[in-house]
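Student: I should like a close look at a single part of this model, set in the context of the whole chain. Please take one loop residue as the point of departure and work outward from there.

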Amino acid sequence: MGDDHSSARPLRADARRNRERVLQIAQEALASDGLTISFDEIARRAGFGVGTVYRHFPTKEALFEAVLLGRIERFVADARALATAEDPGKAFFAWFAKVVEQASESQALCDMLDSGAGMKVSLQDDLGRAVARLLVRAQRAGAARGDLAGEDVLDLLRGCLVAERRARARGATVRMADVVCDGMRVKGA
């Protein structure tokens, strides 16, 4: 990712705190405002000059990558970890619901998952493979419908994120992930 400092000398404690503050504020700003948030606005909300933000993240894309790609990489890692779960159906549906719950809290993360903009092709491929593996195991266990493909699941995930965000905006308690998961289950399972 663009925030790798392994080849640079270690950050001083105050610089490390500033960097963490910028990441925290950027994550909050991206969640509420999406990818349109400016560097200047992130710096203002963090209480820093824009130079402090640029010192840690030379481009807006590098900052967004540090915040968003790390979250998607965790979704992929979680899917991989669940790929050997004892109950494949439970693992598949729990992963889907968890991603919807966590991603729907961030407009920018929803935007990235929807469009793929800013996401490396290799990460998109990793996500697709991890989802497909979970799905195939759930299908073999008789828990998930056999007529679904991994791309269908990703499309349902994207649609669910939009529906979940809209439901939250109007204060509804409907769990979109539950509805979508019910539709992906084998009838009677």
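Tutor: Alanine 141 has a relative accessibility of 47% and therefore counts as partly exposed, since that class lies between buried, under 20%, and exposed, over 50%. The model under discussion is a predicted one. The loop that holds alanine 141 joins helix 7 to helix 8. In space, the C-alpha atom of alanine 141 lies 6.6 Å from that of proline 88, although 53 residues separate alanine 141 and proline 88 in sequence.

The two helices on either side of this loop deserve attention next. Helix 7 covers residues 121-140 and helix 8 covers residues 150-169; their axes come within 8 Å and cross at roughly 105 degrees. Helix 7 and helix 8 are therefore roughly perpendicular to each other, because angles of 65 to 115 degrees fall in that class. On the side of helix 7, the contact involves Leu127, Gly128, Val131, Ala132 and Leu135, and these meet Gly150, Val153 and Leu154 of helix 8. Sorted by class, the residues of this contact are six nonpolar and two polar, with no charged residue.

A second loop residue offers a contrasting case. Serine 104 sits in the loop between helix 5, residues 88-103, and helix 6, residues 107-115. Its relative accessibility is 1%, so serine 104 counts as buried. Beyond its neighbours within four places in sequence, serine 104 touches Val99, Cys110, Leu161, Glu164, Arg165 and Arg168.

Helix 6, which follows that loop, has Ala108, Leu109, Cys110, Met112 and Leu113 as buried residues. The buried residues of helix 6 pack against helix 1 (13-33), helix 4 (60-82), helix 5, helix 7 and helix 8. After helix 6 comes glycine 116, with a positive phi near 80 degrees.

Two of those partners of helix 6, namely helix 1 and helix 4, also meet one another. Their axes come within 10 Å and cross at roughly 70 degrees, which makes helix 1 roughly perpendicular to helix 4. Helix 1 contributes Val22, Leu23, Ala26, Gln27 and Leu30 to the contact, while helix 4 contributes Leu63, Phe64, Ala66, Val67, Leu68 and Arg71. The class count for the contact of helix 1 with helix 4 is nine nonpolar, one polar and one charged.

The record adds annotation to the chain. In an unreviewed entry, UniProt places the feature "domain: HTH tetR-type" at residues 16-75. In the model, this span is 82% helix and 0% strand, and its end C-alpha atoms lie 26 Å apart. UniProt also places a "DNA-binding region" at residues 38-57, again in an unreviewed entry. For residues 38-57, the helix content is 75%, the strand content is 0%, and the end C-alpha atoms are 13 Å apart.

The whole chain supplies the wider setting. The protein has nine helices and zero strands, and its C-alpha atoms fill a box of roughly 60 × 40 × 25 Å along the principal axes. Of its 189 residues, 43% count as buried. Among contacts with a separation of 6 or more, 69% are between residues 24 or more positions apart. The protein exposes about 10,000 Å², of which carbon and sulfur atoms supply 50%.

Terms used:
Residues numbered from 1 in each chain as written. Predicted model: local features only at pLDDT ≥ 70, side-chain atom pairs only at ≥ 80, totals over all residues. Heavy atoms only, no water. Axes fitted to C-alpha atoms, helices over the stretch in contact; angles between N-to-C directions. Helix = DSSP H or I, 4+ residues; strand = E, 2+ residues; numbered from the N terminus. Parallel < 35°, antiparallel > 145°, perpendicular 65-115°, else oblique. Contact = heavy atoms within 4.5 Å. Nonpolar A, V, L, I, M, F, W, Y, C, P; charged D, E, K, R; others polar. UniProt positions renumbered as here; feature names shortened; annotations may be inferred. Buried < 20%, exposed > 50% of the residue type's maximum accessible area, 1.4 Å probe, protein only. Areas by Shrake-Rupley, 256 points an atom, 1.4 Å probe, with all protein chains shown as cover.
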